[in-house]
Amino acid sequence: MTTPNPLKCDPEELRTLFLFEKLTDEQLDHLCREGYVELIEPGVVYTEDDPATCFYVLIEGEVVTSRKVGGDDVEIGRTSQRGVYGGAYQAYLGDRVPQVYQNSMRATEPSRFFVLAADCFAEIVQEWFPMAVHLLEGLFFGGQRTREAVGQRERLLALGSLTAGLTHELNNPAAAAVRATASLRERVAGMRGKLRLLAAGKYERASLESIIELQQRAVEKVAKAPKLDPLATSDAEDEVTDWLENRGIRDGWQLAPTFVQAGLTAEWLDQVQECVGDQMLEPALRWLNYTVETELLMNEIEDSTTRVSTLVGAARQYSQLDRAPFQVVDVHDLLDSTLLMMSAKIGKGIHLVKDYDRSLPQIPAYPSELNQVWTNLIENALQAMDGSGTLTIRTARDAGSVLVEIGDTGPGIPADIQKRIFEPFFTTKPVGQGTGLGLDISWRIVVNKHHGDLRVESEPGDTRFQVRLPVTPGETVNDFENNSPAPQQ
């Protein structure tokens with residue numbers, strides 16, 4: 001292998017690096033024959049997502065590693081420690097994992113590296129350390145399978161919780177629709193009885209026409225009825241009850257609530273009396289009562305069935321079962337569907353604030369997996385607040401990315417824990433209440449699969465998880481379980 005700036009490889013110098021300190025003289029000589037030492041001026045050493053062709057070990061100098069976040073490189077490490085390594089350090093796993101650089105490295109000053117070709121590095125590791133290779137393979141793939149299995153359990157637990165909440169939310173409007181339908185049947189039966197009296201010819205044609213006209217006007221009033229607070233409703237019902245009793249209407253107190261709900265005031269009832277006369281007043285009012293009750297019940301059924309339809313639509317949006325796995329989406333649609341699915345968990349003590357920037361562009365994404373991220377972050381926020389506080393969902397533009405921020409007013413995350421919360425299986429919840437994979441899965445979905453960024457800012461009373469997603473599509477990672485930052489120390 002050749003290099004533009006080959007330098008002498010000294011086996012004894014390699015022995016001073018912690019990675020090689022236990023090797024024999026023959027092994028060190030072999031390394032120097034197969035590899036080389038290179039002086040790299042300040043600049044790029046290797047670039048994320050390029051084919052991983054070389055394994056680098058720092059002899060002296062300083063390096064910075066970074067990862068792509070949208071269109072930017074975000075620094076994740078800076079070190080001058082001798083012996084740190086990076087590059088094709090997973091070459092011994094072969095084509096079972098993508099052999100690309102997991103991040104970018106650049107030298108900040110003239111730096112010397114021991115460099116070994118990836119295939120040569122893989123051959124040496126497999127030949128010199130066969131038992132260690134088997135152990136590392138078992139650790140890598142076994143850990144990957146464990147994360148997948150436990151992650152699947154985490155997803156199923158979340159799905160079960162959301163399903164229970166959705167069932168509860170669906171039951172309320174469905175039960176309301178059933179009750180309203182039963183009441184509507186009674187009112188229609190009552191109207192048929194009144195129609196029987198009308199058919200018997202008891203009333204004059206002009207009086208019937210007046211009643212029908214009033215019926216139509218009453219229906220129009222129902223559609224425009226104002227929403228009154230409890231005190232105003234009580235006052236209005238008292239006024240209408242007095243009006244009915246003063247005119248000898250039997251059980252007027254039973255009619256008053258319906259008239260008030262429909263927006264029919266005492267002044268409007270004066271017009272009814274003027275139109276039909278005293279003799280026809282009571283039958284006209286009772287006919288109008290049936291009409292108004294029927295209209296109100298149909299409104300209730302419409303509201304209930306609309307709610308059911310909305311919930312089903314939210315479930316479809318959340319699951320993305322009928323859509324392509326990768327598509328261009330509006331993050332606000334995803335957030336709203338997740339909030340609707342989780343509405344049963346957002347108790348009365350939680351104040352929800354949605355601070356959306358509706359001018360944000362749509363982004364390319366895996367929407368069902370982003371919904372899982374929102375679910376994990378919102379659920380953590382709700383648990384942190386323990387039933388009381390403010391949940392804030394904010395969106396904004398951040399350079400070339402869309403920012404989604406989920407904040408809570410809970411006790412905060414201690415500074416010494418913040419560095420560990422994205423580690424797999426790390427949890428602060430009591431035994432049996434968490435797997436410690438929610439944030440780890442979220443991190444992998446955001447960072448590895450969407451080339452975005454997930455971080456937390458926290459102090460008592462103000463914790464904010466910030467998700468940044470690139471506006472322009474990047475190269476997606478199918479196996480988002482891989483996460484191996486470099487350089488290694």
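I began with helix 10, residues 367-385, in this predicted model. At 1.5 Å a residue, I expected its 19 residues to span 27 Å, and I found the end C-alpha atoms 27 Å apart, which agrees. I then looked up how covered helix 10 is, and 15 of its 19 residues turn out to be buried. Just after helix 10, I noted that D386 takes a positive phi of about 55°.

Next I turned to salt bridges, of which a search of the whole structure finds 18.

I looked up R247 and D270, whose side chains meet in a salt bridge at 3.7 Å, N to O. R247 lies in the loop between helix 6 and helix 7, while D270 lies in helix 8, so the pair ties together parts that are 23 residues apart in sequence. R247 counts as partly exposed at 32% relative accessibility, and D270 counts as partly exposed at 34%.

I went on to R358, which forms a salt bridge with D336, with the closest N and O atoms 3.9 Å apart. Because R358 sits in the loop between strand 11 and strand 12 and D336 in helix 9, this pair ties together parts that are 22 residues apart in sequence. R358 counts as exposed at 55% relative accessibility, whereas D336 is partly exposed at 23%.

Last, I checked E405 and R394, whose side chains meet in a salt bridge at 3.2 Å, N to O. E405 is in strand 14 and R394 in strand 13, so the parts tied together are 11 residues apart in sequence. E405 is buried, with a relative accessible area of 6%, but R394 counts as partly exposed at 26%. I also noted that salt bridges sharing partners join R394, E405, E457, D462 and R464 into one network.

Definitions and conventions. Residues are numbered from 1 along each chain as its sequence is written. This is a predicted model: local features need pLDDT of at least 70, side-chain atom pairs count only at pLDDT 80 or more; totals for chains, interfaces and linings use all residues. Side-chain values use heavy atoms; hydrogens and water are left out. Helices (H or I, at least four residues) and strands (E, at least two) are DSSP runs, numbered from the N terminus. The expected span of a helix is 1.5 Å times one less than its number of residues. Buried means under 20% relative accessible area, exposed over 50%, partly exposed in between (1.4 Å probe, protein chains only). A salt bridge is a side-chain nitrogen of Lys or Arg within 4 Å of a carboxyl oxygen of Asp or Glu.
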